[in-house]
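Visitor: I should like to learn how to read a protein structure, feature by feature. Where should a beginner start?

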Amino acid sequence: MISRRNGLGASAALRRQPSLRRRLLAFLLIPTLVLMVLDTAFVYFVALRYANQIHDRDLAISTVGLAQALQQGRSDGRLTPEARRLLEYNPNGRSFFSVRSAHHGVISGSGAHIARSDAGSPGDAPRLYDTAVGTLPVRAASVTIASPVDPGDSLIVSMAESLYDRQQQAREILLITIPTESLLIVILLGLVWQGVKFGLRILDVPIRRLAMRERNLEPISGPDIPIEILPMTRTIDGLFERVRSLVAIQERFVADAAHQLRTPLAGLAMHVERATSARSADDMQAALAQIQMLTTRVTRSATQLLALARAQAPQEGGSGLSPLDLAQWLPAIVALRIPESLQAGVDLGYERPGHDTTGDEDVDDGTAIMINAERNALQELFDNLMDNALNNVSRGGTITVSLRAGANAGEAARVAIEDDGPGVPDDTLGRLGERFFRAPGAPDGGSGLGLAIVRRIADLHGADVRFGRAALGGLRVELRFPHMRMVMA
């Protein structure tokens, strides 16, 4: 019972879902049905109008024929009984006639007279009009001729017929039109139904490709995808691309973590075992010192791995970027590292824009240097650069951070960090920024990820990273930031 209820609920939910087939059929069938009904009415009224015109023409011809017969027979309008019966004979209804003199009134006519109407002057075309004979609606035609026997008189010749025959023909036309048009409507609706059904089969191609996807995230767009759903498939391809990037970052993170943490974790396990089996206080202290050193190394490696993973995560069109004044922000970041540099015995200086010598970091010349930046990521970048410099400078050494305005139209700012440490050989400068690359002679304990993080965050900001030899003799890292771009909210 529960399974059946779940099935009924799922069916009801599917019925509530929007349906492309129902939408197409509604937009096609309803207007088509309305147009076919209007077409049926149009055909009926056109055919009925044509039939009435034929009847009117025949009635006018008969009226003119009677008038010509009176003129040729030089009759005063009186007809023989045989002629009267012939004029009144109509197998499909009733016919009437009358001959009225302008001077003498009705000369001849049916038992029920046709209502009088202005027929114009002799020589005019017959006049057609609707009237009644008694209570019977009729269609009449009248024509005026000169009296053949009285030159001063004129005769109005009129003929009328009941509407029975016209109504009968209208019914016949309707009986012919409705089945024909109904058959056309049914055929057309069937063609529309089959056309929509067949046309939607083209969606089976991307559906099959999506159904076969497991770990394969290749694009589904291709030359056989209809242009109407191409934007949707391209959006799906974009989603696949982002998922592939995230999967690649995840796999790279796992590989990096295994690469970086395997050795120190193995060392930790060994020294923990050594500490638990120590036979003297000195052995215990030595083991604990090694454990502390390895724990610090593991913590630093894990922190940098996470920072690199964050920096490598796909960014959505500059999301998180906002205007930042480097002239105000950078001195505050440098000031945060002063206690650490004092403890290490390193002279940390900052050169403001427009100055060539180190000055008080709390003072600037008021010049704003604006860039688009994500503050937390940019601080991560400078922290790694400062860590790299402090790790490579001996006690009594010097680190200088400088800020300059851009030197050309494409640059907004240049930030340089240089030290008087041992530096990096020229033949290895090009490899700085590679993951896990450590320059020859680099101090122990590094992970080789700091400058890789710097390069990745710089790429996210559109900045150019350049490594070279500093004037102080050590390493110089220069960041060149582009001008501010419009960032979509």
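Guide: One begins with confidence, since this is a predicted model. The protein averages a pLDDT of 76, and 78% of the residues score at least 70.

Visitor: Where does pLDDT stay under 50?

Guide: That stretch is residues 357–364, for which the model has 15 contacts beyond four places in sequence.

Visitor: Let us turn to the sheet. How should one read the pairing of strands?

Guide: Strands of a sheet pair through backbone hydrogen bonds, either parallel or antiparallel. In this structure, five strands form an open sheet with mixed pairing, and their order is 7-9-10-12-11. Strand 7 (347–351) and strand 11 (464–469) are the edge strands, each pairing on one side only. On average, neighbouring strands of this sheet are turned by 15° against each other, direction ignored.

Visitor: In which sense do strand 7 and strand 9 pair, parallel or antiparallel?

Guide: Strand 7 and strand 9 pair in the parallel sense, over five bridges. Within strand 9, Val401 is the bridge partner of Tyr350.

Visitor: How many bridges join strand 9 and strand 10?

Guide: There are seven bridges between strand 9 and strand 10, and the sense is antiparallel. These two strands form a hairpin with five residues between them. Ile399 stands opposite Asp419 in strand 10.

Visitor: And what are the partners of strand 12?

Guide: Strand 10 and strand 12 pair in the antiparallel sense over seven bridges. One bridge partner here is Phe481 in strand 12, which is matched with Ala413. Strand 11 and strand 12 (residues 475–482) also pair in the antiparallel sense, over six bridges. On this side, Phe467 has Val477 of strand 12 as its bridge partner, and Gly468 has Arg476 of strand 12. The hairpin of strand 11 and strand 12 has five residues between the strands, and Gly473 in this hairpin takes a positive phi near 110°.

Visitor: Is strand 12 mostly covered or mostly open?

Guide: Strand 12 is mostly covered, with six of its eight residues buried.

Visitor: Which strands does helix 10 touch when it packs on the sheet?

Guide: Helix 10 touches strand 7, strand 9 (398–405), strand 10 (411–419) and strand 12. The direction of helix 10 makes about 165° with that of strand 12. Another helix, helix 11, lies across strand 11 and strand 12 and runs at about 140° to strand 11.

Visitor: May we look at one residue of helix 11 more closely?

Guide: Arg456 is found in helix 11 (residues 450–460). With a relative accessible area of 25%, Arg456 is partly exposed, because buried requires under 20% and exposed over 50%. Arg456 and Leu381 are 75 residues apart in sequence, while their C-alpha atoms are 8.9 Å apart in space.

Visitor: How does one read a nonpolar core, and which residues have the most contacts inside the largest one?

Guide: One asks which buried nonpolar residues are joined through their side chains. The largest nonpolar core has 44 residues, and those with the most contacts inside it are Leu326 and Phe382. Helix 10 (residues 375–392) provides the largest share of this core, eight residues. Apart from this core lies another, of 14 residues, among them Leu66, Ala67, Ala141 and Val157.

Visitor: Which residues does Leu326 touch?

Guide: Not counting residues up to four places away in sequence, Leu326 touches Pro331, Ile369, Ile371, Leu378, Leu403, Ala413, Val415 and Phe481.

Visitor: How many aromatic pairs are there?

Guide: The count comes to two aromatic pairs. Tyr44 and Phe45 form an edge-to-face pair, with 5.2 Å centre to centre and 65° between the planes. Tyr44 is buried, at a relative accessible area of 15%, whereas Phe45 counts as exposed at 53%. Trp329 and Phe382 form a tilted pair, with 5.6 Å centre to centre and 55° between the planes.

Visitor: Why does the pair of Trp329 and Phe382 tie together parts that are 53 residues apart in sequence?

Guide: It does so because Trp329 lies in helix 8 (residues 326–336) and Phe382 in helix 10. Trp329 counts as buried at 11% relative accessibility, and Phe382 counts as buried at 2%.

How values were computed
Residues numbered from 1 in each chain as written. Predicted model: local features only at pLDDT ≥ 70, side-chain atom pairs only at ≥ 80, totals over all residues. Heavy atoms only, no water. Helix = DSSP H or I, 4+ residues; strand = E, 2+ residues; numbered from the N terminus. Buried < 20%, exposed > 50% of the residue type's maximum accessible area, 1.4 Å probe, protein only. Core = buried A, V, L, I, M, F, W, Y, C linked by side-chain atoms within 4.5 Å. Contact = heavy atoms within 4.5 Å. Pairing = 2+ DSSP bridges. Axes fitted to C-alpha atoms, helices over the stretch in contact; angles between N-to-C directions. pLDDT = per-residue confidence, 0-100. Phe/Tyr/Trp six-rings, centres within 6.5 Å; stacked < 30°, edge-to-face > 60°.
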